[in-house]
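This report describes the protein shown below, with attention to its ring pairs, a helix pair and one loop residue.

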Amino acid sequence: MKQMTIALAAALGLAAAALAENVKLPEPRKTGGMPLMEALAKRATSRRTAGEAPTPQQLSDLLWAANGVTRPDGKRTAPSAMDKREIEIAVLTRDGLFTWDPVANELVETPACVDLSAELRGASALLVYHYNKAIQDREAALADCGFVGQNVYLFCASEGWKTVFLGTVDRVTLAVALGRGEDEILFAQRIGVK
Ligand SMILES: Cc1cc2nc3c(=O)[nH]c(=O)nc-3n(C[C@H](O)[C@H](O)[C@H](O)COP(=O)(O)O)c2cc1C
């Protein structure tokens, strides 16, 4: 029964995705912030991530820090094994679920066919890290994801925000919402904007 519900939800999700709209984010701010050594000293996990709704500028800065494009050849703030750039970031906010396109710096609305409020838990945002298993092996993807998570930790330290990297997530629900395989959902990271 649960499988039938999930299959139906996935089908509805695919239909809704066809209606999705793109939200162009402002240019990320690539200067300033806390000195690196201070950010390293302040990096920490906080599970108290209830916070304000992020502005488009804050989301743009956060996502660029996570895995944004830094060079004309498309390379990123985070390294990836064999330069596969397979880590994809979905962004859950109170406004909905989006998939981030790092090249266009756009959020593509991904209407969730399941209730994700338990995943957000009053946080400002939840970043869901997933990958395409057709282009990368899981071991490399797990390593690549760790770099993205650390970028986010350092950015949050610099901004004075709270964050927690999460291995314990509802992969079944997130996979259905994103139309991905359960094994393609790697980790998530909750963010509290202060
Ligand atoms: C791979 C990985 C998975 C984690 N999963 C969770 C999690 O599911 N829930 C949680 O509260 N913290 C999780 N954490 C955060 C760790 O508990 C935290 O990093 C650790 O306690 C050290 O604290 P620090 O980050 O402040 O140095 C995870 C961290 C890593 C690296």
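## Aromatic pairs

Two rings of Phe, Tyr or Trp, the last taken by its six-membered ring, form a pair if their centres lie within 6.5 Å. The model is predicted, and by this rule it holds three aromatic pairs. One of them joins Phe 165 and Phe 187: the ring centres are 4.8 Å apart and the planes stand at 35°. Planes under 30 degrees apart count as stacked and those over 60 as edge-to-face, with the rest tilted, so this pair is tilted.

The pair connects distant parts of the chain, as Phe 165 belongs to strand E6 (residues 162-166) and Phe 187 to strand E7 (residues 185-192), with their positions 22 residues apart in sequence. Tyr 129 joins Phe 165 and Phe 187 in one aromatic cluster. Phe 165 has a relative accessible area of 25%. Since buried means under 20% and exposed over 50%, Phe 165 is therefore partly exposed.

## A charge over a ring

Another ring has a charged partner: Arg 43 lies over the face of Tyr 153, 4.7 Å from the ring centre.

## Packing of H3 and H5

Helix H3 (residues 56-67) packs against helix H5 (residues 138-159) at an angle of about 135°, and their axes are 7 Å apart. Angles over 145 degrees would count as roughly antiparallel and those from 65 to 115 as roughly perpendicular, so H3 is oblique to H5. The crossing of the two helices is right-handed.

On the H3 side, the residues that meet H5 are Asp 61, Leu 62, Ala 65, Ala 66 and Asn 67. Their counterparts in H5 are Val 148, Asn 151, Val 152 and Phe 155.

## The loop after E6

Gly 167 sits in the loop between E6 and helix H6 (171-178). With a relative accessibility of 38%, Gly 167 counts as partly exposed. Leu 186 is 19 residues away from Gly 167 in sequence, and the C-alpha atoms of these two residues are 7.6 Å apart in space.

## The whole chain

The protein has six helices and seven strands. Read from the N terminus, its elements follow the order α-β-α-α-β-β-β-α-β-α-β-α-β.

Of the 194 residues, 44% count as buried. Among contacts with a separation of 6 or more, 77% are between residues 24 or more positions apart.

Key
Residues numbered from 1 in each chain as written. Predicted model: local features only at pLDDT ≥ 70, side-chain atom pairs only at ≥ 80, totals over all residues. Heavy atoms only, no water. Helix = DSSP H or I, 4+ residues; strand = E, 2+ residues; numbered from the N terminus. Buried < 20%, exposed > 50% of the residue type's maximum accessible area, 1.4 Å probe, protein only. Lys NZ or Arg CZ within 6 Å of the ring centre and 35° of its normal. Axes fitted to C-alpha atoms, helices over the stretch in contact; angles between N-to-C directions. Parallel < 35°, antiparallel > 145°, perpendicular 65-115°, else oblique. Left-handed = near helix turned anticlockwise from the far one by under 90°. Contact = heavy atoms within 4.5 Å.
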